[in-house]
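Hi there,

Here is the structure I promised to pass on. Have a look at it first, and then read my notes underneath.

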Amino acid sequence: MKELSKKALNVNPSTTLAIDSLAKQMKADGLDVVSFGTGEPDFKTPDNISEAGIAAIREGKTKYTPSAGIIPLRKAAAARLKADCGLDYDYTQIVIASGAKHNVYIALEVLLNPGDEVIVPAPYWVSYCEMVSMCGGVPVVVETTEGADFKITPAQLEAAIGPKTKALMLNNPSNPTGMIYSESELRAIAEICVRHDLYVIADEIYYKLVYGGKPFTSFASLGEDVKERTIIVNGVSKSYAMTGWRIGYAAANKQIAKLMGNYLSHSTGAPSTISQWAAVEALEGQQDTVEEMRRVFEERRNYFVNRLNSIPGVSCIMPDGAFYIMMNIEKLIGRNLGGVVINNDDDFAEAFLKQAMVAVVPCSGFGMKNFVRWTYATSMENIKEGLDRLEKFLA
């Protein structure tokens, strides 16, 4: 048989989904696994949103829609960006896709020519570099440090820019770190991007999940010249507990938005019509449930960080948003845990899963060694049990 696509053969599987699949298989085999792998809210979709989806079915709203999404949803997304972030977009500048991940991929397809470089600060969400490569680009990874709160500095950004640099990938709040860039930090980054004429894919899917009273600043709000170069990526998955509904949206200048719509028209088409109508209710309806979930996440975060930092051998910094913890395991490197020598985060995650029945994600898949990611998008009961098992495992 003839050779398969080199591009496809070079795509690595998602680390988070691999861990989640293994944990689910172990559970199916009857093992008592506590999973902290996939970043998925443990809440059910609010009733008003689910009812809107059911109503769409009953009312026969089950036909094809325009490739960029139904106009009511595009208008709802534009209105939500205005209300929450002070951004002015016409509905024609909004593109609906099958999740925020899909919007990131389409944005890259629209921006990149073969060999174009995209700067990706590490730790990064596991799919960013793979998607850049799939779109013919070259990811340029810039490693940040825990001491700098895992945020890229202006000096690092400036040093990474070369003649082929096309864009910066900016995830704020961040998965996997949970850290947030302040307005002043974003302005310093924006000045460099405008000066070098770089596009910015601003993945802001976690913008509603911010804690400790910290303000959130949308990158596109920093001026018209910044907004013109920015593709905002957002969606309903995280804030509205709608991961399986698969609705994301992007906001960009009219030319980019049109090209993204064209790309959708020849690939997937629009997402499920039923999901789109449910998302209209999510964005336009009451927002009380979002705040209720946010408060629960903040309570879990506070417990998690305090408890984790009381366990000898591991540590973490306090995340500002999202629902992840980056656990530093540098003090465990070289140790023998349950008969296994821990040489790196992959060794730790495998040993922890097999011996303590706890699934966490090694951060090698996020471009950062000797850290593992936990999620607190799970019950307090699971959090306490997972940390109890960690304490016993390390002892």
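Below is what I found in it, going from the domain to the sheet and then to two residues.

Please keep in mind that this is a predicted model.

The domain. An unreviewed UniProt entry gives residues 32-390 the feature "domain: Aminotransferase class I/classII large". In the model, that span is 39% helix and 16% strand, and the C-alpha atoms at its ends are 15 Å apart.

The sheet. Seven strands form an open sheet with mixed pairing, and their order is β2-β8-β7-β6-β5-β3-β4. The edges are β2 (94-97) and β4 (138-143), each of which pairs on one side only. From one strand to the next, the twist averages 20 degrees. If you would like to look at one pairing in detail, try β3 (residues 117-122) with β4: the two run parallel and are joined by six bridges. Within that pairing, Val 118 has Pro 139 of β4 as its bridge partner.

The helix across the sheet. Helix α5 covers residues 100-111 and lies across β2, β3, β5 (165-171), β6 (199-203), β7 (230-235) and β8 (248-251). Relative to β7, helix α5 runs at about 160 degrees.

His 102. This residue sits in helix α5. Is His 102 buried or exposed? Its relative accessibility is 16%, and the cut-off for buried is under 20%, so His 102 counts as buried. The His 102 side chain reaches the backbone nitrogen of Ser 98 at 3.1 Å. Leaving aside neighbours within four places in sequence, His 102 is in contact with Ala 97, Leu 264 and Thr 268.

Glu 298. For this one, go to helix α12, residues 288-308, where Glu 298 lies. Glu 298 has a relative accessibility of 16%, so it counts as buried by that under 20% cut-off. Which side chain does the side chain of Glu 298 make a polar contact with? The partner is Arg 294, at 2.9 Å. Not counting residues up to four places away in sequence, Glu 298 touches Tyr 211 and Gly 212.

If you want a quick route through the model, begin with the β3 and β4 pairing, move on to helix α5 where it lies across β7, stop at His 102 in that helix, and finish at Glu 298 in helix α12.

Happy browsing, and do write back with any questions!

Best wishes

Conventions:
Residues are numbered from 1 along each chain as its sequence is written. This is a predicted model: local features need pLDDT of at least 70, side-chain atom pairs count only at pLDDT 80 or more; totals for chains, interfaces and linings use all residues. Side-chain values use heavy atoms; hydrogens and water are left out. UniProt positions are given in the numbering used here, feature names are shortened, and annotations may be inferred rather than shown by experiment. Helices (H or I, at least four residues) and strands (E, at least two) are DSSP runs, numbered from the N terminus. Two strands pair if DSSP finds at least two bridges between them. Axes are lines fitted to C-alpha atoms, for helices over the stretch in contact, and angles run from 0 to 180 degrees between N-to-C directions. Contact means heavy atoms within 4.5 Å. Buried means under 20% relative accessible area, exposed over 50%, partly exposed in between (1.4 Å probe, protein chains only). A polar contact is a pair of N or O atoms within 3.5 Å; within protein, one must be able to donate a hydrogen and the other to accept it, and residues adjacent in sequence count only if both atoms are side-chain atoms.
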